[in-house]
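Biologist: Before I rely on any label attached to this model, I would like to hear how each one was earned. Could we go through them one at a time, setting each value against its cut-off?

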Amino acid sequence: WIKRTRNPPELRFVKQYPDYPGYIAALAASVREHWTINGRAERLIMSFHGLPRRSLDLGDPYFCFCQQTGRLLAEALGLGKDDYTITFQSRFGKANWLQPYTQPTLEKLARNGTARVDVICPGFVADCLETLEEIALECKAAFLAAGGKELRYIPCLNERADCIAALGDIA
């Protein structure tokens, strides 16, 4: 279409922003606000959307971006290595996906005595079916069924002013 158009629109792409300071700051602020209101759980789970493992093996940088965002968020919150876990959700089919998987990780934590977890999905700018149903409902039910006492979902940044400002700067 662009080749056939006499006056095509200008196109610009944002390839990635896993380490953008404004985005990390907005994520950290949302977690701090949650902790101020609800107290801090024993562990923060950072659940990112999954991809087939083959994507990583073929050179896709997504897994590394998730690790980078998770590490930077943990640093911004002053968390130690044992205070948070990076996981991957939304897998389907028979292929191996990026691991560790979110729901089995939550179940294992519960079986091993972790009573309270907070879960945030830093790779999602806005809440959707995968955050509100899969994490806040399904994973919560699995965590409780495995012996956990409380799973609190920290909403995505959605329309937070600091998130909108960061996205504007990125764009």
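Modeller: Let us begin with the aromatic rings, where a search of the whole structure finds four aromatic pairs. One of these is formed by Phe63 and Phe88, with 5.5 Å from centre to centre and 25° between the planes.

Biologist: Why is the pair of Phe63 and Phe88 called stacked?

Modeller: Rings of Phe, Tyr and Trp (its six-membered ring) pair if their centres lie within 6.5 Å, and planes under 30 degrees apart count as stacked, over 60 as edge-to-face and the rest as tilted. The centres of Phe63 and Phe88 are 5.5 Å apart and their planes meet at 25°, so both cut-offs for a stacked pair are met. This pair links distant parts of the chain, since Phe63 belongs to helix H3 (residues 62-77) and Phe88 to strand S2, 25 residues apart. Helices (H or I, at least four residues) and strands (E, at least two) are DSSP runs, numbered from the N terminus.

Biologist: What makes Phe88 buried?

Modeller: Buried means under 20% relative accessible area, exposed over 50% and partly exposed in between, with a 1.4 Å probe and protein chains only. Phe88 has a relative accessible area of 1%, and therefore counts as buried.

Biologist: Why is the pair of Phe92 and Trp97 called tilted?

Modeller: The ring centres of Phe92 and Trp97 are 5.1 Å apart, and their planes stand at 50°, so the pair is neither stacked nor edge-to-face but tilted. As for accessibility, Phe92 is exposed at 61%, whereas Trp97 at 7% counts as buried. Elsewhere, Phe48, Phe63 and Phe88 form one aromatic cluster.

Biologist: How far should I trust such labels in a model of this kind?

Modeller: This is a predicted model, in which local features need pLDDT of at least 70 and side-chain atom pairs count only at pLDDT 80 or more, while totals for chains, interfaces and linings use all residues. Residues are numbered from 1 along each chain as its sequence is written, and side-chain values use heavy atoms, with hydrogens and water left out.

Biologist: How do you know that helix H5 bends at Cys139?

Modeller: The bend at a residue is the angle between axes fitted to the seven residues ending there and the seven starting there. For helix H5 (residues 129-145) that angle is about 30° at Cys139. Cys139 is also among the buried residues of H5, which include Ile135, Ala136 and Phe143. The buried residues of H5 pack against several elements, among them strand S1 (43-49), helix H4 (102-111) and strand S4 (150-154). Just after H5, Gly147 takes a positive phi of about 110°.

Biologist: Two leucines interest me here; what makes Leu137 exposed, and why does Leu144 count as partly exposed?

Modeller: Leu137 is in helix H5, and its relative accessible area of 54% makes it exposed, being over 50%. Leu144 also lies in helix H5, but at 35% it falls in between the two cut-offs and so counts as partly exposed. Contact means heavy atoms within 4.5 Å, and, leaving aside neighbours within four places in sequence, Leu144 is in contact with Lys149 and Glu150.

Biologist: And how many residues of the whole chain count as buried, as a percentage?

Modeller: Of the 171 residues, 40% count as buried, in a chain that has six helices and four strands.
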